[in-house]
Amino acid sequence: MTGHIVKKLAGHPFHLDDEGVAWVQSTFDTLSLDEKLGQIVLPLCRDLSPESLSVPLSRHVGGVHRMPSRSEQELRASAEFLQSRTAIPLLMTCDIEFSEKSSVAAGTPYPNQMTIAATGDPEQARRMGVVAGSEGGYLGFNASWTPVADLAVNFRSNVVNTRSFGSDVATVMAMTAAYQEGARSAGFASCVKHWPGDGLDDRDQHFATTHNTMSMAEWRDTFGKIYADAIARGVQVVMAGHITLPAYTAELGAAARSPAHMPATLNFDLCTTLLRDELGFNGLVVSDASGMVGFNARGARRELVPLCIAAGCDILLFPDDLDEDLGHLKSGLQNGSLSESRVDEAVLRVLALKASLKLHRTGGHLPSEADRSRFLGGSEHAGWSMAAAEAGITLVKDTQALLPLDPGRHKRILLAQLDSRMSPSGPLPQLQFADLMRERGFDVTLYRKGDEIDAAAHDIGMYLLAEEGVSAKENLGPHWEDLHGLFPHSMDRLWDYLPTLYVSLGTPFLLYHMPECKTFVNGYAAVPPVQKALVAALLGYIPFAGKSPVDPTCGLAEALL
């Protein structure tokens, strides 16, 4: 009964040999219903103790998601524990986005996607994929839900922003393809997200169901091209987002099977008809995290969980309560909202992905610690990171001809930056920029909100803000209150007293809030290599080589004056 599905899955993008096909079929034939349902859920495991990890193992889960920010020892030990105690090798997933929040803590500090896009060189994206796969693989991962293939077309969208390769379709397409190639060459599964395309809505799926409001003609000329190209190039996984595409429901008319307000994770038309039938995707579809409001706001969880699989997702990501959600899937089979054939197809796709990664041969065993230098944090990866950082720094404007800085003319700098930097998950490292400038002969005074500004005591002013685009963060604005104090002090500006430059090591859209700023630089990321490259560029040691992958003026002509 399942033979025709297995035969289909042997082709693009899994490309299974006879041994892989036989393993998929024989493994599937041994599975009980509970074991099948376990294969199509993938929990997030924050507690990496053997006692905690034994719970999902006892439920026969198909994979486990861990945070790459954990220590090398924790990640390797937990991966070895998990893979050694399961009959079917696990998908070991993560989000290596190379943001400060989502990076391999034990590995190479690396610039984010928008920095890579600013280099204009797809080779930089290929290297990024290689680093993710190589360093992640050493820590026991075999798949990352990256890259982000969304378009940063709405500057108010904090959740896309620097996580993306920008707003230009050709650039996003080229960078996405190169990243995929690099990741797969390093043994990782390749993924693109967030289907059917994020970046228009300024809200975040963590907090609301969001909408892609493009017409279908516009969608097919943008996101449709990006996904079609990724599919043609062999992407193995597509992550469906909690994002609607109302124009497609309208186009289908009476033939639509899902209401327009249902996001892709719960929408048969988007997840199956458009993605599989029109674009021809034959790989695995994973839902975005099912604990998000964008998912749960659409009904009772007992109905949404089976609907997610019925609509076309092959994996339910991050079940709220593993046993409850497995029960919801079983109830869906009993009440007819979920068919056994759909479950079987999802299970076979999970197994096919595992076979394509050769997990049936390797058992998910980790590289030897003796080979650590080949995989994790080596000099080649560090060199790639520095090269990308230097190629990405972008001078947006310098209408006052302030640059390059010189310790003879600009020795005394009054620097305003946030005292405590936070991601939604916790504190971030203090910036090194001030110390790097002091090493170059500058006197740097940190401005504290409420301080009187003595123009005679300083040669120039400088703002340094370092906030990347990131999920679950609601404010990426200029933080005037945090820098200068509560109103009316929030109206103060250093450039009212001193020649001033503004640097963003994060969101590239801050000029929207200060079009009168005369010197503005985008660095896109705050990792140490970018901070070092910034100093070199400000002092004229290297050129500002980056080209903005978005419109940094946000459409304001006055911002270039």
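This is a short talk on the salt bridges and the largest pocket of one structure, which is a predicted model.

I will start with the salt bridges. A search of the whole structure turns up 29 of them, and I will go through three.

One joins Glu100 to Arg421, where the closest N and O atoms are 2.8 Å apart. This pair links distant parts of the chain, 321 residues apart. Glu100 is in the loop between strand E3 and helix H6, while Arg421 is in the loop between strands E12 and E13. Arg421 has 7% relative accessibility, so it counts as buried.

Next, Arg342 pairs with Asp314, with 2.7 Å between the closest N and O atoms. Arg342 sits in helix H16, and Asp314 in the loop between helix H14 and strand E10, 28 residues apart. Both residues are buried. Arg342 and Asp314 also belong to a network of salt bridges, linked there with Arg276, Glu345 and Arg349.

The third is Arg448 with Asp419, and here the closest N and O atoms are 2.2 Å apart. Arg448 lies in the loop between strands E15 and E16 and Asp419 in the loop between E12 and E13, so this salt bridge ties together parts 29 residues apart in sequence. Arg448 is partly exposed, at 37% relative accessible area. Asp419 is partly exposed too, at 46% relative accessibility.

Now the pocket. The largest one has a volume of about 810 Å³. It is lined by 36 residues, and the closest to its centre are Arg46, Met67, Lys101, His206 and Phe318. What is the lining of the largest pocket by class? There are 14 nonpolar, 11 polar and 11 charged residues.

Notes: Residues are numbered from 1 along each chain as its sequence is written. This is a predicted model: local features need pLDDT of at least 70, side-chain atom pairs count only at pLDDT 80 or more; totals for chains, interfaces and linings use all residues. Side-chain values use heavy atoms; hydrogens and water are left out. On a 1 Å grid over the protein atoms alone, a cavity is a set of points where a 1.4 Å probe fits but cannot get out, and a pocket is an open set with protein on both sides within 12 Å along at least five of seven lines; lining residues have an atom within 4 Å of a point. Grid points are joined across faces, edges and corners, and a volume is the space filled by probe spheres set on the points. Ala, Val, Leu, Ile, Met, Phe, Trp, Tyr, Cys and Pro count as nonpolar, Asp, Glu, Lys and Arg as charged, and the others, Gly among them, as polar. A salt bridge is a side-chain nitrogen of Lys or Arg within 4 Å of a carboxyl oxygen of Asp or Glu. Helices (H or I, at least four residues) and strands (E, at least two) are DSSP runs, numbered from the N terminus. Buried means under 20% relative accessible area, exposed over 50%, partly exposed in between (1.4 Å probe, protein chains only).
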